[in-house]
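Biologist: I've got a fold open on my screen and a pile of labels I'd like to see justified. Can you walk me through them?

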Amino acid sequence: MYINGRKITIEELEQLANKLIGTLLDQMFNQIQKEGLDKACPYPKSQQKAALKKMMEYYIEQEEYEKCATVRDILKKLK
């Protein structure tokens, strides 16, 4: 596969995708912190929970436990 005229491997493509997902999750986390969950993620509760669970998995994997705890607390409020 080629990106910007450069041949990349599957591993490089996977790294690129994971970096993009991480960036998007960080942006979503920051929006939730600034505006609150309902404004930052104006979707049904089930979709909000799914997004928050994905964020939890990501922050656990990245060992960002403070953000993980924040997301956990937000999830508890949704139940």
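Modeller: What follows is a run through the labels, each set against its cut-off. Keep in mind that this is a predicted model.

Biologist: Fine. What pattern does the protein chain follow along the sequence?

Modeller: Reading along, you get β-β-α-α-α-α, that is, four helices and two strands.

Biologist: Why is the protein chain called more spread out than a compact globule?

Modeller: Its radius of gyration is 15 Å, while the globule rule gives 12 Å for 79 residues. The value is well over the rule, so the chain counts as more spread out than a compact globule. The C-alpha atoms fill a box of roughly 45 × 25 × 20 Å along the principal axes. As for burial, 24% of the 79 residues count as buried.

Biologist: How do you know that α1 has the span expected of a helix?

Modeller: α1 has 26 residues, and its first and last C-alpha atoms are 37 Å apart. At 1.5 Å a residue you'd expect 38 Å, so the span is close to the expected one. After α1 comes G36, with a positive phi near 95°.

Biologist: Which residues of α1 are buried, and what covers them?

Modeller: The buried ones are G22, L25, F29 and I32. Their cover includes α2 (37-40), α3 and α4. A general point helps here: an α-helix has 3.6 residues a turn, so residues three or four places apart point the same way.

Biologist: And what makes I21 and L24 partly exposed?

Modeller: Both sit in α1, I21 as well as L24. Partly exposed runs between 20% and 50% relative accessible area. I21 has 37%, so it falls in that range. L24 has 47%, so it does too. For distances, the C-alpha atoms of L24 and M55 are 9.8 Å apart, with their positions 31 residues apart in sequence. I21 and E66 are 45 residues apart along the chain, and their C-alpha atoms are separated by 19 Å.

Biologist: Why is the F29 and Y59 pair called edge-to-face?

Modeller: Two tests. The ring centres are 5.6 Å apart, and the limit for a pair is 6.5 Å, so F29 and Y59 qualify. Their planes are at 75°, and over 60 degrees counts as edge-to-face, so that label follows. It is one of two aromatic pairs in the structure, and F29, Y58 and Y59 form one aromatic cluster.

Biologist: What makes you say the pair ties together separate parts of the chain?

Modeller: F29 is in α1 (residues 10-35) and Y59 is in α3 (residues 45-61), so the pair links parts that are 30 residues apart in sequence.

Biologist: How do you know whether F29 and Y59 are buried or exposed?

Modeller: Buried means under 20% relative accessible area. F29 has 7%, so it is buried. Y59 has 0%, so it is buried as well.

Biologist: Which members of the largest nonpolar core touch the most other members?

Modeller: Of its 15 residues, those are I32, L37, L52, M55, Y59 and V71. α1, α3 and α4 (65-78) each supply at least two residues of this core. Leaving aside neighbours within four places in sequence, I32 is in contact with L37, A40, L52, M55 and I74.

Biologist: What about Q48: buried or exposed?

Modeller: Q48 is in α3. Its relative accessible area is 1%, and the cut-off is 20%, so Q48 is buried. Beyond its neighbours within four places, Q48 is in contact with L37, D38, C41, Y43 and L78.

Biologist: Last one. What makes N4 and E63 worth a look in a phi plot?

Modeller: In general, most residues other than glycine have a negative phi. N4 has a positive phi, near 55°, and is not glycine. E63 is not a glycine either, with a positive phi of about 60°. N4 lies in the loop between β1 (2-3) and β2 (6-7), and E63 in the loop between α3 and α4. Exposed means over 50%: N4 has 82%, so it counts as exposed, and E63 has 58%, so it does too.

Methods:
Residues numbered from 1 in each chain as written. Predicted model: local features only at pLDDT ≥ 70, side-chain atom pairs only at ≥ 80, totals over all residues. Heavy atoms only, no water. Phe/Tyr/Trp six-rings, centres within 6.5 Å; stacked < 30°, edge-to-face > 60°. Buried < 20%, exposed > 50% of the residue type's maximum accessible area, 1.4 Å probe, protein only. Contact = heavy atoms within 4.5 Å. Core = buried A, V, L, I, M, F, W, Y, C linked by side-chain atoms within 4.5 Å. Rg over C-alpha atoms; globule rule 2.2 N^0.38 Å.
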